[in-house]
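Dear colleague,

Please find below the structure I wished to hand over to you. My notes on it follow directly after.

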Amino acid sequence: MSMNGKKALITGSSRGIGRGIALKLAEGGVKVAINYYENEAAANDTLAKVRECGSDGFVIQADVSRPEDIGNMFKRVKEEFGNLDIFVSNARTQLPTFYQTPMDITLEQWDMAMDSQAKAFLVGVRESTRLMDHGGRVLAITYSPGARTGSWQPWVAMGSAKAALDSLVRYFAVALAPRGITVNGISPGGVFGAPNLVEGSVLRALPQEIQDSIQAWHESGWTPMKRLGTPADIGNAVMLLCMEEAGFITGQVIHVDGGASIMDTVFPLEIQRG
Ligand SMILES: NC(=O)c1ccc[n+]([C@@H]2O[C@H](COP(=O)([O-])OP(=O)(O)OC[C@H]3O[C@@H](n4cnc5c(N)ncnc54)[C@H](OP(=O)(O)O)[C@@H]3O)[C@@H](O)[C@H]2O)c1
């Protein structure tokens with residue numbers, strides 16, 4: 001099915017996974033509103049690449065943790081596009097704004113995680129679907145392992161925020177089904193991308209030895225496909241869920257992780273291999 005001429009807004013699409021999603025949609029002929037927070041040059045670079053794909057769009061600054069910014073962002077989308085077909089809630093604030101253990105996290109860090117994920121999605125879905133007049137697609141980029149587990153201690157706020165996001169996916173799926181709007185979550189595993197902070201994801205900000213150790217972990221078999229994900233892998237999954245043929249899939253959180261989420265972590269890999 002051709003996606004030609006459809007219109008999308010992707011939060012946090014100046015870099016990383018958001019950029020990967022923008023480029024995949026653009027390859028399919030979708031026009032893209034590219035949201036960024038502070039990195040305008042990277043957002044403009046995404047737009048240039050969208051145009052190289054033969055599509056078009058515009059860039060828009062907004063802090064998704066501020067509901068008034070989200071309102072203004074969708075006003076601009078209405079001015080530029082008139083209506084909207086696809087909304088992808090992808091942005092995540094940088095680590096220092098939320099990364100702290102449960103006993104030490106500040107309430108500001110907690111609020112930033114919740115506001116940039118759950119509240120941003122609540123407000124973003126209500127605003128975006130006002131512009132969807134003939135069905136549509138809403139997608140949340142989540143991280144379900146962090147929502148389900150408790151081991152990664154400084155992830156407590158983001159894990160809790162993503163849990164709320166996963167839950168909102170289900171509630172909005174029911175609310176919007178009568179209008180032909182599907183609402184789904186995509187949960188990437190570890191995503192690296194290119195070895196820079198524009199084409200790569202936030203994991204590229206980690207020290208090289210930590211990146212090497214993450215890569216070795218996945219290649220050892222804890223990801224059955226023996227590689228980390230790429231922004232393009234996540235873009236492909238978004239593209240699939242935006243197709244006409246995906247119109248009966250709603251309220252689901254789909255793991256796009258090369259099988260990492262189906263591994264049994266209780267026993268050593270060597271024993272499980274048999
Ligand atoms: N990377 C992974 O391995 C991984 C795994 C699972 C899930 N995820 C999820 O995938 C999504 C993208 O992650 P990523 O690794 O690609 O992130 P990233 O490389 O750090 O990029 C973050 C993006 O969000 C934007 N942003 C930051 N704060 C914002 C704010 N307050 N308002 C609006 N935009 C803001 C940034 O804009 P600027 O360029 O202007 O700063 C940038 O475009 C996140 O939801 C994350 O939780 C990632």
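**Glu-40 and helix H2**

Setting aside neighbours within four places in sequence, Glu-40 has contacts with Val-59 and Gln-61. I should state at once that this is a predicted model. The C-alpha atoms of Glu-40 and Val-59 are 8.1 Å apart, although 19 residues separate the two in sequence. Glu-40 belongs to helix H2. It counts as exposed because it has 12 C-beta neighbours inside 10 Å.

Helix H2 covers residues 40-52, which makes 13 residues. From its first C-alpha to its last it reaches 18 Å, close to the 18 Å expected at 1.5 Å a residue. Its buried residues are Ala-42, Ala-43, Thr-46, Leu-47 and Val-50. Viewed down the axis of H2, these buried residues fall within an arc of 145°, so they line one face of the helix. The face turned away from that buried side carries the exposed residues Ala-41, Ala-48, Arg-51 and Glu-52. As for the partners of the buried residues of H2, they pack against H1, S2 and strand S3 (57-61). Just after H2, Gly-54 adopts a positive phi of about 95°.

**The ligand shell**

The ligand is surrounded by 31 residues. Those closest to the ligand are Gly-12, Gly-16, Asn-39, Ala-91 and Ser-201. By character, the shell divides into 13 nonpolar, 14 polar and four charged residues. Helix H1 (16-27) and strand S2 (31-36) each supply at least two residues of this shell. H1 gives the most, with three residues. H1 and S2 thus appear in two places in these notes: they contribute to the shell around the ligand, and the buried residues of H2 pack against them.

**Helix H6**

Helix H6 (residues 156-176) has 21 residues. Its reach from first C-alpha to last is 30 Å, close to the 30 Å expected at 1.5 Å a residue. The buried residues of H6 are Val-156, Ala-157, Met-158, Gly-159, Ala-161, Lys-162, Leu-165, Leu-168, Val-169, Phe-172 and Leu-176. Lys-162 is therefore worth a look on your screen, as it is listed among the buried residues of this helix. The buried residues of H6 pack against two helices, H4 (107-130) and H5 (144-148). They also pack against the strands S5 (136-141), S6 (181-188) and S7 (253-256).

**Two loop residues**

Lys-226 is placed in the loop between helix H7 (208-222) and helix H8 (231-242). Its phi is positive, at about 60°, although Lys-226 is not a glycine. Most residues other than glycine have a negative phi. Lys-226 counts as exposed because 12 C-beta neighbours lie inside 10 Å.

Asp-264 lies in the loop between S7 and helix H9 (269-273). With 8 C-beta neighbours inside 10 Å, Asp-264 counts as exposed. The C-alpha atoms of Asp-264 and Trp-222 are separated by 9.1 Å, and the two residues are 42 apart along the chain.

**The chain as a whole**

The chain contains nine helices and seven strands. Its C-alpha trace spans about 55 × 40 × 40 Å along the principal axes. A compact globule of 274 residues would have a radius of gyration near 19 Å, and the 18 Å of the chain agrees with this. Buried residues make up 47% of the 274 residues. Of the contacts between residues at least 6 apart in sequence, 72% join residues at least 24 apart.

With kind regards

How values were computed: Residues numbered from 1 in each chain as written. Predicted model: local features only at pLDDT ≥ 70, side-chain atom pairs only at ≥ 80, totals over all residues. Near = placed C-beta within 6 Å. Helix = DSSP H or I, 4+ residues; strand = E, 2+ residues; numbered from the N terminus. Nonpolar A, V, L, I, M, F, W, Y, C, P; charged D, E, K, R; others polar. Expected span 1.5 Å × (residues − 1). Buried ≥ 20, exposed ≤ 12 C-beta atoms within 10 Å, placed from the backbone. Arc of directions from axis to C-beta. Contact = placed C-beta atoms within 7 Å. Rg over C-alpha atoms; globule rule 2.2 N^0.38 Å.
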